[in-house]
Amino acid sequence: MKTFIKGIFLSAAILALAGCATPVDRYAEKPYCHTDRGRNAYCTKENAPSLSKDEEAKQFSSDPGAVTVYVVRYWGDGHHPLDILIDGATSMETVPNSMIRLRLKPGSHRISFSVAGKSYDRIINGSAGDVKLLGITGTDWSWGSSSHAWAEDSDDQVKRQARRSRLIKDVSLL
């Protein structure tokens with residue numbers, strides 16, 4: 001009887017370990033959830049690109065026919081989504097600790113977001129093959145006050161933040 005019980009426990013342990021060893025599907029697309037202290041604070045409504053696409057985006061490669069723009073939302077700016085507007089028309093959601101990669105026509109573009117009724121705009125000018133990096137910083141306080149802005153960080157600082165974040169949109173507006 002003891003041998004039988006030991007066999008059951010051994011089988012259960014092997015199955016549990018086999019489940020832990022199951023590889024992550026690097027091509028699966030699912031919503032991205034920003035976590036705060038181990039809890040999901042906010043999840044995107046749409047699926048994020050695969051982890052393989054995320055890794056590829058973090059190479060910050062240029063596109064010879066487009067201006068490539070990375071919008072990186074830093075991790076510490078609350079739990080709510082922000083809508084990013086491109087040229088006042090195309091809207092996409094972002095959450096803390098995430099990144100959007102845009103491929104735009106060469107030229108001038110306005111990228112903006114709004115928080116608490118205040119709009120924040122950035123004009124970028126780029127030629128084909130250019131890579132632009134924009135960071136969003138902010139703080140939300142429990143008493144309802146918040147402050148957000150476009151980061152004044154160097155490209156290297158924005159890239160460092162981007163490498164710690166998750167690609168949630170990969171959009172071509174050519």
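In this predicted model, the side chains of Lys 45 and Glu 93 come together in a salt bridge, with 3.8 Å from N to O. Lys 45 belongs to strand β2 and Glu 93 to strand β5 (residues 90-94), so this pair ties together parts of the chain that lie 48 residues apart in sequence. The two partners differ in their surroundings: Lys 45 is exposed, with a relative accessible area of 68%, whereas Glu 93 is buried, at 13%. The cut-off for buried is under 20% and that for exposed is over 50%, so Lys 45 falls in the exposed class and Glu 93 in the buried class.

Strand β2 takes part in a further salt bridge through the residue that follows in the numbering. Glu 46 pairs with Lys 169, and their closest N and O atoms are 2.3 Å apart. Because Glu 46 sits in β2 and Lys 169 in strand β11 (residues 166-173), this contact ties together parts that are 123 residues apart in sequence. Lys 169 counts as buried, with 16% relative accessibility.

Another salt bridge joins Arg 122 to Glu 152, where the closest N and O atoms are 2.7 Å apart. Here distant parts of the chain are linked once more: Arg 122 is in strand β8 (residues 118-126), while Glu 152 is in the loop between β10 (146-150) and α3, 30 residues away. Glu 152 counts as exposed, at 68% relative accessibility. Salt bridges with shared partners also gather Lys 53, Glu 56, Asp 63, Arg 101, Arg 103 and Asp 170 into one network. In total, the count comes to 9 salt bridges. As general background, side chains of opposite charge can pair when their charged atoms come close.

The chain also holds a covalent cross-link. The count of disulfides is 1, and this bond joins Cys 33 to Cys 43 with an S to S distance of 1.9 Å. Cys 33 lies in strand β1 (residues 31-36) and Cys 43 in strand β2 (residues 39-47), 10 residues apart. The torsion about the S-S bond of Cys 33 and Cys 43 is about 105°, so the disulfide is right-handed. Cys 33 is partly exposed, with 24% relative accessibility, and Cys 43 is partly exposed too, with a relative accessible area of 28%.

Attention now turns to the sheet that contains β5, the strand of Glu 93. This open sheet has 4 strands in the order β5-β4-β7-β8, paired in the antiparallel sense. β5 and β8 stand at its edges with a single partner strand each, so one side of each has no neighbour in the sheet. On average, neighbouring strands of the sheet are turned by 25° against each other, direction ignored.

Strand β4 (residues 82-86) offers a good view of how this sheet is put together. One of its faces is covered, with Leu 82, Ile 84 and Ile 86, and the other is uncovered, with Asp 83 and Leu 85. Towards β5, β4 runs antiparallel and is joined by 5 bridges. Ile 84 stands opposite Met 92 in β5, and Asp 83 has Glu 93 as its bridge partner in that strand. Glu 93 thus appears both in this pairing and in the salt bridge with Lys 45. β4 and β5 form a hairpin with 3 residues between them, and in the turn Asp 87 has a positive phi of about 55°. Towards strand β7 (residues 107-115), β4 pairs in the antiparallel sense over 3 bridges. Ile 84 stands opposite Phe 113 in β7.

Among the helices, α3 (residues 155-163) has Val 158, Gln 161 and Ala 162 as buried residues. They cover an arc of only 100° around the axis, which puts them on the same side of α3. In general, an α-helix has 3.6 residues a turn, so residues three or four places apart point the same way.

Seen as a whole, the protein chain has 3 helices and 11 strands. From the N terminus on, these elements follow the pattern α-β-β-α-β-β-β-β-β-β-β-β-α-β. The protein chain has 174 residues, and 36% of them count as buried. Among contacts in the protein chain with a separation of 6 or more, 65% come from residues 24 or more positions apart.

Definitions and conventions:
Residues are numbered from 1 along each chain as its sequence is written. This is a predicted model: local features need pLDDT of at least 70, side-chain atom pairs count only at pLDDT 80 or more; totals for chains, interfaces and linings use all residues. Side-chain values use heavy atoms; hydrogens and water are left out. Buried means under 20% relative accessible area, exposed over 50%, partly exposed in between (1.4 Å probe, protein chains only). Helices (H or I, at least four residues) and strands (E, at least two) are DSSP runs, numbered from the N terminus. The arc is that of the directions from the helix axis to the C-beta atoms. A disulfide is a pair of cysteine sulfur atoms within 2.5 Å. A salt bridge is a side-chain nitrogen of Lys or Arg within 4 Å of a carboxyl oxygen of Asp or Glu. Two strands pair if DSSP finds at least two bridges between them. Axes are lines fitted to C-alpha atoms, for helices over the stretch in contact, and angles run from 0 to 180 degrees between N-to-C directions. Contact means heavy atoms within 4.5 Å.
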